[in-house]
Amino acid sequence: MNRKQSLIEGPPARSLFLFALPMILGNLFQQFYNMADSVIVGHFVGEDALAAVGASYSFTNVFIMIAIGGGIGASVLASQYLGAEKYTEMKTSIYTFLITFALLSALLACIGFRYNPKVLALLKTPGNIYDDAVLYLQIYFLGLPFMFMYNVLAANFNALGKSGIPLGLLLFSSLLNIFLDLFMVVSLGMGVAGVAIATVIAQGASAVISLTILMVLLRGYPSPQRPGFYNLPMLVKGTKIAVPSIIQQSIVSIGMLLTQSSVNQFGSSALAGYSAGMRLESIAIVPMIGTGNAVSTFTAQNLGAGQINRIRRGYRASYGIVIAFSLLLFVVCQCFYRPVLSAFVDIDASPVAYATGVSYLRFIGCFFCLIGFKAATDGVLRGAGDVMVYMAANLINLAIRVSVAKACSPVYGIQVIWYAVPMGWLANYVISFCWYHTGHWQGKSLVRDAGA
């Protein structure tokens with residue numbers, strides 16, 4: 001049976017777009033999955049509850065991005081094996097990282113459950129929302145292993161070229177989460193605790209279904225030898241990609257978390273508005289991050305197949321995708337900010353929150369192309385396994401965002417926090433772009449070095 005995937009054959013632009021589209025839609029549902037909490041508590045519980053969930057979101061999103069980044073980074077190895085048609089090694093690498101991330105997620109769940117009150121205190125979370133934020137996080141961390149496993153499984157589906165499967169599963173889990181949110185908040189009156197419990201249940205169902213589908217799918221790939229269930233050399237090779245990928249995926253979330261303390265000093269109303277704008281930013285950058293992740297898998301499979309020129313053509317095609325999405329998002333942010341923000345904030349009852357959200361959203365909407373270009377360029381480097389400069393660029397991005405916000409916002413006001421975001425994106429892109437043009441990434445291959 002021919003197992004060659006569409007990413008190593010056909011027109012690169014078409015292959016990349018058709019592969020990226022389900023990933024983008026899937027990541028949008030991932031954001032809607034989380035956004036439902038804010039919309040429901042904002043309308044049915046109140047502004048303080050919205051601020052509490054928003055304060056929690058900055059923390060939980062770090063863990064979500066660790067799961068997504070780790071899954072994408074680890075799946076690079078599986079993608080390269082698939083491109084080289086080494087199916088036994090591909091299965092072994094998948095099993096190895098599923099076991100590793102199951103153990104890691106359990107450890108992180110314990111740490112998050114134990115220390116989230118201290119983190120919220122260090123972030124200067126306003127006292128009127130502190131207890132609700134702690135309650136939300138403690139329930140959320142009980143279900144962290146489910147969230148981790150689903151995202152790692154989704155990355156493996158994408159590595160196999162099956163990006164439509166995570167889309168279907170996310171649609172299911174998003175609808176289930178919204179139904180449970182409404183039932184627990186509106187019908188049972190459980191408030192912040194209700195939305196947290198709903199999230200855990202929906203994530204658990206998705207994780208179990210995903211694992212079942214992946215195990216069945218892997219049986220269809222012929223293996224001349226019985227695959228191993230754990231391979232330490234493969235873990236080491238994949239970790240070299242997974243760690244920088246986690247950093248890259250987490251930059252936005254860690255930046256949000258570290259700069260949140262700067263926003264907190266302006267009060268809970270400003271935090272509610274910033275939380276709403278931050279949620280919408282997280283949705284808006286999904287096409288950019290999704291395109292970058294697709295470029296990563298595209299690069300990995302074609303590098304495994306030895307098709308360097310095809311990688312370059314795919315990278316150029318990704319710019320067209322980024323520009324198209326950037327123009328659409330610019331129009332939405334400049335012309336339709338009122339209806340999108342009203343989904344989170346009661347415009348009449350919360351004028352400070354609304355004004356803060358408008359200021360952030362309209363400004364940041366001018367710069368989404370920067371994060372798209374950076375994500376696509378980082379995707380090539382990550383997919384090739386050329387990670388050192390790429391990791392440094394993302395750390396510089398984070399340092400710029402945090403330092404500018406911390407140093408300047410007490411003097412010049414909350415708007416300085418907005419300015420720091422595109423400054424970090426631009427620095428990251430310039431560094432990665434220059435390194436891409438050195439061609440160093442072309443000589444990298446995890447498959448050649450994996451001992452298979």
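**Cysteines**

I began with C110, which counts as exposed at 54% relative accessibility. This is a predicted model, and I read it as such throughout.

Next I looked for disulfides and found a count of 0. I then asked how far the sulfur of C366 is from the closest cysteine sulfur. That closest sulfur belongs to C333, and the separation is 8.1 Å, too far for a bond. A disulfide needs the two sulfur atoms within 2.5 Å. I also noted the accessibility of C366: 39%, so C366 is partly exposed.

**Salt bridge**

I looked up salt bridges and the structure holds 1. The partners are K374 and D378, with 3.3 Å between the closest N and O atoms. Where do K374 and D378 lie relative to each other? They are 4 residues apart in helix 14 (residues 368-384), so about one helical turn separates them. Buried or exposed, I asked of K374 and D378. Both are buried.

I stayed in helix 14 for I371. Its relative accessibility is 0%, so I371 counts as buried. I checked I371 against I289, which is 82 residues away along the chain. Their C-alpha atoms are separated by 7.9 Å.

**Aromatic pairs**

I turned to the rings, and the count is 16 aromatic pairs. One of them joins F63 and F141, and I logged the pair as edge-to-face. The centres are 5.0 Å apart and the planes stand at 80° to each other. The pair links distant parts of the chain. F63 belongs to helix 2 (residues 47-83), F141 to helix 4 (residues 127-142), and their positions lie 78 residues apart in the numbering.

Are the two rings buried or exposed? F63 has 8% relative accessibility, so I put F63 down as buried. F141 has a relative accessible area of 1% and is buried too.

I then took F363 and F367 as another pair. Their ring centres lie 5.1 Å apart. The planes meet at 50°, so this pair is tilted. An edge-to-face label would need planes over 60 degrees apart. I read 22% relative accessibility for F363, which counts as partly exposed. F367 is partly exposed as well, at 26%.

Which residues gather into one aromatic cluster? I listed Y315, Y319, F373, Y429, F433, Y436 and W441.

One charge over a ring went into the notes. The charged end of R114 sits over the ring of Y115, and I noted 5.1 Å to the ring centre.

**Nonpolar surface patch**

I looked at the surface next. A nonpolar patch of about 600 Å² is made by I99, L103, F229, Y230, L232 and V236. Which helices each supply at least two of its residues? They are helix 3 (87-122) and helix 8 (232-264).

I singled out F229 from this patch. F229 sits in the loop between helix 7 (191-218) and helix 8. Its relative accessible area is 51%, so F229 is exposed. The cut-off for exposed is over 50%.

**Loop positions**

I found S223 in the loop between helix 7 and helix 8. S223 counts as partly exposed, at 27% relative accessibility. I compared S223 with T88, 135 residues apart from it along the chain. Their C-alpha atoms are separated by 5.0 Å.

K162 was another loop residue I looked up, between helix 5 (144-159) and helix 6 (164-187). Its relative accessible area is 31%, so K162 is partly exposed. How many residues separate K162 and M23 in sequence? I noted 139, with 9.6 Å in space from C-alpha to C-alpha.

**Helix 11**

My last entry concerns I323, in helix 11 (residues 308-335). I read 41% relative accessibility there, so I323 counts as partly exposed. I paired I323 with F368, 45 residues apart along the chain. The C-alpha atoms of I323 and F368 are separated by 9.1 Å.

Technical notes. Residues are numbered from 1 along each chain as its sequence is written. This is a predicted model: local features need pLDDT of at least 70, side-chain atom pairs count only at pLDDT 80 or more; totals for chains, interfaces and linings use all residues. Side-chain values use heavy atoms; hydrogens and water are left out. Rings of Phe, Tyr and Trp (its six-membered ring) pair if their centres lie within 6.5 Å; planes under 30 degrees apart count as stacked, over 60 as edge-to-face and the rest as tilted. Buried means under 20% relative accessible area, exposed over 50%, partly exposed in between (1.4 Å probe, protein chains only). A charge sits over a ring if NZ of Lys or CZ of Arg is within 6 Å of the ring centre and within 35 degrees of the ring normal. Patches are made of residues with over 30% relative accessible area and no salt bridge: like charges are joined within 9 Å, nonpolar side chains (Val, Leu, Ile, Met, Phe, Trp, Tyr) within 5 Å. Accessible areas come from the Shrake-Rupley method with a 1.4 Å probe; for residues, only the protein chains shown count as cover. A salt bridge is a side-chain nitrogen of Lys or Arg within 4 Å of a carboxyl oxygen of Asp or Glu.
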